[in-house]
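The following exercises ask you to read a ligand shell, a domain contact and a database annotation from one model. Work through each task before you turn to its solution.

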Amino acid sequence: GSTIGILGGGQLGRMLAVAAAQLGYRTHVLAPDEESVAAQTASSLTRADYHNKVVLADFVAACDVVTYEFENVDVTPVEWLAERLPVHPAPAALRVAQDRIAEKSFVEKVGGRPAPWAEVNCAADLTAALERIGCPAILKTTRFGYDGKGQVLIRDISEAPAAFEVIGGPAVLEGFIHFSHEFSILIARGLDGRTVRYDPPHNVHRDAILRTSSLPAPAEIAAQAEEATALAIRIAEELGYVGVLACEFFATENGPVFNEMAPRVHNSGHWTIEGAETSQFENHIRAICGLPLGDTSLTGAQVQMENLIGDDAWESALTEKGTHLHLYGKGESRPGRKMGHITRVLR
Ligand code: ATP
Ligand code: MG
Ligand code: MG
């Protein structure tokens, strides 16, 4: 059997390793973190800095194909790996998705529509950008943001200096989108270029952290899913993408507005483990291993995924019919930390 290398040791790597094992693959996780929850399910683990060439050479020797479960991995070592063995998605996807400015420019180039945006490198840039884009607006770091970290809402131009003080440069200013709903498009693209798509979940965030993903989505989302999916497929094709790609959208009166993409399996796709015939994790493994992709149909009339954040209670999920509990085995719960999720499938 082959060994799949996974860069990153979080819950996404943990769930990828489970899906890989079911198909008879070994997984080898390379994670710099002290706490790697992927270690619980991976066949083997190297806990080391992936900038170390000796570590990387050993990783190459241990693996047949490499993927990653978080987009903040430095692209230089990933390119080094890609010269030596197949890496999916290709480093080009990582380069685009890990920088909000590269991402928005790229999406515009392939015909997508992000929120109005401007690059901000100094306080004067921010003032000029606010004059053009207007308030409210959101100032985001170009890199390393997740779960709303590294962004601040600017309600009034008087808040600009304080906002720049907090975020600094390089940053991007985005016009605030008055959306009716948020949704995501998840597709998987195989080595042969064939794609499959999941039904779009309706995503609800609280404090910029995903709370629930629900299907079927309301009519406002269903009406925009086709256009958004076509954009996701264009993005994937343009990047020669292999694996699962997630794109987040705002549903607005004027159609779908692109928010951001993740070059990996995604939290808004966790419902697919029990709620779809083939999970996003299995389809990602299938894609990077060159297998045909699986059916993405819903397994029930309604599916809902709820994140367990901080001290959220989960005990009742053990006894509710049609309810599936996932705990990530993270030691300590902290406010805002994703500890697990619950998926309810109504048949
Ligand atoms: P993650 O990668 O964990 O999804 P993130 O830190 O990259 O999060 P974003 O997706 O940029 O953050 O923003 C988090 C949430 O904040 C969005 O899902 C949305 O609810 C809100 N938000 C972000 N940008 C905008 C915008 N331009 N207009 C309105 N709401 C926004
Ligand atoms: Mg993000
Ligand atoms: Mg997001």
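In what follows, Ala, Val, Leu, Ile, Met, Phe, Trp, Tyr, Cys and Pro count as nonpolar, Asp, Glu, Lys and Arg as charged, and the others, Gly among them, as polar. This is a predicted model, in which local features need pLDDT of at least 70 and side-chain atom pairs count only at pLDDT 80 or more, while totals for chains, interfaces and linings use all residues. Residues are numbered from 1 along each chain as its sequence is written, and chains are lettered from A and ligands numbered from 1 in the order in which they are written.

**Exercise 1.** Describe the shell around ligand 1 by residue, class and domain.

Step 1: 16 residues surround ligand 1, the closest being Gly 145, Glu 174, Ile 177, His 205 and Ala 208; a residue is near if its C-beta atom, placed from the backbone, lies within 6 Å.
Step 2: Sorted by class, the shell holds six nonpolar, four polar and six charged residues.
Step 3: Domain 2 (116-175) and domain 3 (181-346) each supply at least three of its residues, with bounds from an automatic or database domain assignment.

**Exercise 2.** Characterise how domain 1 meets domain 3.

Step 1: The C-alpha centres of domain 1 and domain 3 are 22 Å apart.
Step 2: Their contact (C-beta atoms, placed from the backbone, within 7 Å) takes 20 residues from domain 1 and 17 residues from domain 3.
Step 3: On the side of domain 1 that touches domain 3, helix H1 (11-22), a DSSP run of H or I with at least four residues, gives the most, with eight residues.
Step 4: That side of domain 1 has 13 nonpolar, three polar and four charged residues.

Terms used: Contact = placed C-beta atoms within 7 Å. Helix = DSSP H or I, 4+ residues; strand = E, 2+ residues; numbered from the N terminus.
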